[in-house]
Amino acid sequence: MVQGALAGQTALVTGANRGIGRAISEGLALLGATVLIGARVPDAATEVAEAIRASGGKADPLVLDVSEPDSVASAAKEVARRGLDVLVNNAAIKLEHHPSPPSRASLADIQATLDVNVVGTIRVIQAMLPTLLRSDRPRIVNLSSGLGSLAYATTPGSPYRERPLVSYSTSKAAVNMVTVLFANEFCATPLRVNAVDPGPVNTPMTQGKALRTPVDGARPVLDAVLIANDGPTGCFFAERGEVPW
Ligand SMILES: NC(=O)c1ccc[n+]([C@@H]2O[C@H](COP(=O)([O-])OP(=O)(O)OC[C@H]3O[C@@H](n4cnc5c(N)ncnc54)[C@H](OP(=O)(O)O)[C@@H]3O)[C@@H](O)[C@H]2O)c1
């Protein structure tokens with residue numbers, strides 16, 4: 001990756017205070033972007049922004065709870081003032097543990113998960129779009145998961161079939177569709193909209209059950225940010241390249 005490739009650009013990462021979102025933010029700063037550290041807890045956003053600045057990058061905190069319309073609206077006002085080139089929809093929750101069969105899933109968990117992972121993602125995209133569309137090279141990257149792939153879920157023997165997580169998997173399948181529909185709407189413009197599976201990564205979400213690091217998970221996300229204006233849109237990527245929906 002070319003250092004300085006994103007010089008002069010502004011990026012927003014949601015859920016940037018920890019895990020993969022923090023690693024994506026650090027990676028974007030290394031590429032030269034000014035990174036808005038979206039987090040729902042102000043001190044958490046400030047801590048990450050200060051750490052990036054201390055290592056020579058550009059970053060500022062931005063309070064943003066994707067499930068709160070007022071929070072997203074006030075973040076969008078600040079983003080409109082500063083401009084925006086890159087939006088990474090990383091914030092998500094996973095309330096269940098493997099396996100969570102559909103027949104026994106909690107409706108409350110399903111509703112809460114869809115609210116953050118799907119409605120929250122759409123809410124943030126809609127709020128930031130007018131500013132993104134002013135950019136010469138606008139990018140949206142939505143964090144998905146192999147658990148959201150219908151192809152994997154219907155492949156006998158696949159771990160994704162054997163270990164269902166009905167609310168989380170359904171939410172990521174919906175994020176995939178959201179990605180395709182926004183990509184289709186804007187396919188004649190420079191806006192590129194793609195989904196990325198970071199793969200299994202050791203973060204608070206996986207509670208030590210994965211071996212790869214947040215930096216490993218951030219890598220395919222940064223690749224999707226760096227796609228050219230005439231590059232792919234409406235695609236699903238992982239570290240090994242394009243993967244099936
Ligand atoms: N880890 C993996 O193996 C893996 C695999 C595939 C896909 N993914 C995806 O990668 C992304 C990052 O996952 P991760 O493992 O880094 O998770 P994580 O450590 O649990 O971090 C999730 C982030 O989302 C934030 N968040 C949750 N609800 C929010 C809300 N309402 N508004 C704003 N921010 C909110 C959290 O903020 P708080 O600290 O305030 O809670 C936190 O910063 C997610 O989209 C996840 O689904 C992860």
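**Around the ligand and beyond**

Colleague: Which helices each supply at least two residues of the shell around the ligand?

Modeller: Keep in mind that this is a predicted model. At least two shell residues each come from two helices, one spanning 19-30 and the other 166-185. Those are α1 and α7.

Colleague: Of the residues around the ligand, which come nearest?

Modeller: There are 29 residues around the ligand. By class, 14 of the shell are nonpolar, 10 polar and 5 charged. The ones that come nearest are Asn-17, Arg-18, Arg-40, Tyr-168 and Thr-203.

Colleague: Where does the ligand sit, and how much of its area does the protein bury?

Modeller: Place first: the ligand is in the largest pocket. Then the polar contacts: a ligand oxygen is 2.7 Å from an N or O atom in the Asn-17 side chain, and a ligand oxygen is 2.9 Å from one in the side chain of Lys-172. With Gly-199 the partner is a polar backbone atom, 3.5 Å from an oxygen of the ligand. On its own the ligand would expose 900 Å², and the share of that buried by the protein is 94%.

Colleague: Is Ser-167 buried or exposed?

Modeller: Ser-167 has its place in helix α7, and its side chain makes a 2.7 Å polar contact with the side chain of Glu-96. The relative accessible area of Ser-167 is 1%. The cut-off for the label is under 20%, so Ser-167 counts as buried.

Colleague: What about Ser-145: how far in space is Ser-145 from Ser-25?

Modeller: Ser-145 is in the loop between β5 (139-143) and α5 (150-153). Ser-145 is buried, because its relative accessible area is 8%. Along the sequence Ser-145 and Ser-25 are 120 residues apart, and C-alpha to C-alpha the spacing is 19 Å.

Colleague: Which sign does phi of Gln-207 have, positive or negative?

Modeller: Gln-207 belongs to the loop between β6 (192-196) and α8 (214-225). As a rule, most residues other than glycine have a negative phi. Gln-207 isn't glycine, yet its phi is near 50°, and that value is positive.

Colleague: Arg-137 lies in a loop; what separation do the C-alpha atoms of Arg-137 and Pro-102 have?

Modeller: The loop holding Arg-137 runs between α4 (107-132) and β5. Arg-137 has 17% relative accessibility, so this arginine still counts as buried, given that the label needs a value under 20%. Arg-137 and Pro-102 are 35 residues apart along the chain, with their C-alpha atoms separated by 41 Å.

Colleague: And Arg-161: which accessibility class does Arg-161 get?

Modeller: Arg-161 is part of helix α6, residues 159-162. From Arg-161 to Leu-133 it is 28 residues in sequence and 38 Å in space, C-alpha to C-alpha. The relative accessibility of Arg-161 is 42%. Buried would take under 20% and exposed over 50%, so Arg-161 counts as partly exposed.

How values were computed
Residues numbered from 1 in each chain as written. Predicted model: local features only at pLDDT ≥ 70, side-chain atom pairs only at ≥ 80, totals over all residues. Heavy atoms only, no water. Near = heavy atom within 4 Å. Polar contact = N/O pair within 3.5 Å; in protein donor to acceptor, adjacent residues only side chain to side chain. Areas by Shrake-Rupley, 256 points an atom, 1.4 Å probe, with all protein chains shown as cover. 1 Å grid on protein atoms, 1.4 Å probe; cavity = no way out; pocket = protein on both sides within 12 Å on 5 of 7 lines; lining within 4 Å. Sits in = over half its atoms within 2 Å of the grid points. Helix = DSSP H or I, 4+ residues; strand = E, 2+ residues; numbered from the N terminus. Nonpolar A, V, L, I, M, F, W, Y, C, P; charged D, E, K, R; others polar. Buried < 20%, exposed > 50% of the residue type's maximum accessible area, 1.4 Å probe, protein only.
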